[in-house]
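Colleague: Could you walk me through some of the labels on this one? I'd like to hear the reasoning behind them.

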Amino acid sequence: MGLIEETTNGNLGVLNGASQLRRILPAGPTPNGASRTPRSASSLTKVPPKSVHVKAACETCRKRKIKCSGERPICASCSKNNAECIYVSAPAETHTQALKRKYDQSQERNSAYEELYRLLHTLPEKEAFGIFRRIRADGDIDRTIRHIKQGCLLLQLALTPDTRLRYNFPYVPDMPPTLVSPDNPYLHSVFWNNPFAAILNKGPDDFESQSSCPYSRPYHAAEFFDPRLEQVRAAHWTKVDVCDELFRDLLSSYFLYEYPTYHVFQKDYFLEDMVHERQGYCSPLLVNAILSLACHCNRRIVNREKFWDPQTLGYKFLAEARRLWEIEISDDTKLTTIQAALLLSHEYSHDSMDKIAYTFVRQAVQLADQYGIFRKETYAQIRSEKMRNAQLFTAWALYAWNGVVSFYFFREPLIRSPPEIPMPDPASDPTWYGEVLLRYPSAEAIVPMNYGHTFRAVVALRSIFIDISLRAFVGTGRHHHVLTWEEAIMYRQRLDNLFESLPEALSPSKMVYPCHMKLHMEYHAAIYTIFTTLLRPDAELASSSQRFPKDLLAVASTTTAADIVAYAMNRFETITRIYYLRHCYDFPDLFMSYHLALLGNYALSNMHSDATLMGLDSGSEKRRLLSTVFLCLKGLYEQGRGAYVCIMIYSVLMNKLNQRDRDLLYSELGLSTYPDETAADMAKRCRSTWPIPPCKRGEDPSKYPLDALVKSTQKMKIEDLLNTGEGDVTSTSEPESKASASPSL
């Protein structure tokens, strides 16, 4: 259209020759004949009223997709249509805010159900049945959880780990009178002599102090503390499908339960490389070996003792570790390969397959010899101080591991001499060892475990074990009863000197952690082994007082082997019982299986000994011994939830009880045989040559390997079935084991 301008006569014209516009006619009359009144400017600019903003519509209007007025309790539309008016949002909420609130409530409710499931799954049967009865009485889950949180002791045992001061002995609740004597040093400990002293004499601020937490709470209530764990990622280190949260939880379980007892690598170097995803002191092989072990000691893992089940997480980690092992051993061997070999050996020990475990120890020793980590000149060629420290730490750890394998399995040591460079003093160089830090529930204090002093003391003890093994197990046919009386007394004196020189944190009066207590158990168990298994039967009669140093002459001439054994086992049982009172046996601790087997066998031997029951009160004496056996069986049963080898040992000891005592065990503790394990299954799966500790002086330990005892148990049960005509002695075929082949050597 062209531009418009006004002409001289007042008419509008169109420029550029555009066509004439149509004329606009005047407005016509109104229907009633009145003239139209022009509308005012105000009427032309009138703005319609604004609609009221409604934060959330009712559900009826939302479904009908009509506008809702938002009145409560009933909107205009629902009132007009006589419909039910329901709001899911609060008065001040939008619909989105209401959905978010409902989602959060749903998550909280799911957490409550998950917590309830965890309680029922992890608590002992007695406590779990208590929760179950509460659910039956009151079906509201929120009210049930709230009730327990506000006052029920049962939830306090579950929502936070058990914080009771003492557990109770099964069957006979009191400490046996034979153990309670003024000269027993372990009865002067803080949590035995007066367990409340460290707590009641402190103010509220001191209750959670570093000195009181370990004495006022059991070990399994603690958490491994290291902020670096929050930064590690699973995907970089393992092909097994596992989330980061579970990955970190498994690592924490390993450092809490396995690392303080089985020393392999320097923790701080390992975690630093894991966080930064470097492979100098950390590797996928080492990580998967750690995770495989961690599955045994993490209660979140179901069926963790079933090493043959491909569906278990431990099986998957071990399969991945074995795959990486075959790659590294043929192409890329390094320091972490040696460390992983020791952990794989320990893994197979859990599975009662120490014939395979021993081949991994041999492989670790061969690799260490190739690296030269025991020789001083090797370290002169290493520029990195960190690498020197890491290799020396592993060298001493391997040497101590060698002491366990030789002394407890009656084998010739694979390593005869210690590393040529000594370990530093943990008091002057604690960073060389790396401290293990613990944090207890509702406590802000971070508590050290005195890891450096513990490691150094363990190495010193195992060094004595190696010296004894070199004397007793080197050469053909020299497997027992070789020590003279003079040698036995001098070895005992070396052990005594070591334990008299322990730092205060590891002393009988101050020890508190399981790794501290097991150190003392090993000391007394070693004395027992020396004067039963290794001492010549005629050693006391053939001894000559002229061969003894003056400081040992009085002891050697006035003490008999029987007295020494009785004294050692008296102290050994005291520690074992205090361990239970303070920490119980529910949390995973594989090394306790040896100590429980030794004490249980010793008590059973005394039960069957006429000399023990000759006293006037033989009934009470048998009851005392039976309480010790029951305590050991309870511990082995609980440990069997995470390690199959403990199931084997438990079954062997159970088989030594008569039927009346078995019935008593079931009625008092609710313990019987494992429901899913038959004697035939155990006989096929057990490949352990570990000798169950002998009970009598003069017995040959080679007659007591675990696999032979398990097979004899199966034979006895089959004979019982044949004699009674009950049952079918055949068994189902066993699934293929996760690793039946030994590593490449």
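What follows is a chat about a few labels in a predicted model.

Colleague: Why is Gln-366 called partly exposed?

Modeller: Its relative accessibility is 36%. Buried means under 20% and exposed means over 50%, so a value in between counts as partly exposed. As for its place in the fold, Gln-366 sits in helix α16, residues 354-371. Ile-415 is 49 residues away from Gln-366 in sequence, and their C-alpha atoms are 10.0 Å apart.

Colleague: What makes Asn-658 the cap of helix α28?

Modeller: A side-chain oxygen of Asn-658 lies 3.2 Å from the backbone nitrogen of Arg-660. The cut-off for a polar contact between N or O atoms is 3.5 Å, so this pair counts. Helix α28 covers residues 659-669, and Asn-658 caps its N-terminal end. Just after α28 comes Gly-670, with a positive phi of about 70 degrees.

Colleague: How many cavities of 30 Å³ or more are there, and what is the volume of the largest?

Modeller: The structure has 11 of them. The largest has a volume of about 510 Å³. Its lining has 28 residues, with Tyr-262, Ser-349, Val-404, Phe-409 and Phe-591 nearest the centre. Among the elements giving two or more residues to that lining are α15, α16 and α18; the largest share, seven residues, is from α18.

Colleague: How do you know which class of residue makes up most of that lining?

Modeller: Count by class: 17 nonpolar, eight polar and three charged. Tyr and Phe count as nonpolar, so Tyr-262, Phe-409 and Phe-591 belong to the nonpolar class.

Note on methods
Residues are numbered from 1 along each chain as its sequence is written. This is a predicted model: local features need pLDDT of at least 70, side-chain atom pairs count only at pLDDT 80 or more; totals for chains, interfaces and linings use all residues. Side-chain values use heavy atoms; hydrogens and water are left out. Helices (H or I, at least four residues) and strands (E, at least two) are DSSP runs, numbered from the N terminus. Buried means under 20% relative accessible area, exposed over 50%, partly exposed in between (1.4 Å probe, protein chains only). A polar contact is a pair of N or O atoms within 3.5 Å; within protein, one must be able to donate a hydrogen and the other to accept it, and residues adjacent in sequence count only if both atoms are side-chain atoms. On a 1 Å grid over the protein atoms alone, a cavity is a set of points where a 1.4 Å probe fits but cannot get out, and a pocket is an open set with protein on both sides within 12 Å along at least five of seven lines; lining residues have an atom within 4 Å of a point. Grid points are joined across faces, edges and corners, and a volume is the space filled by probe spheres set on the points.
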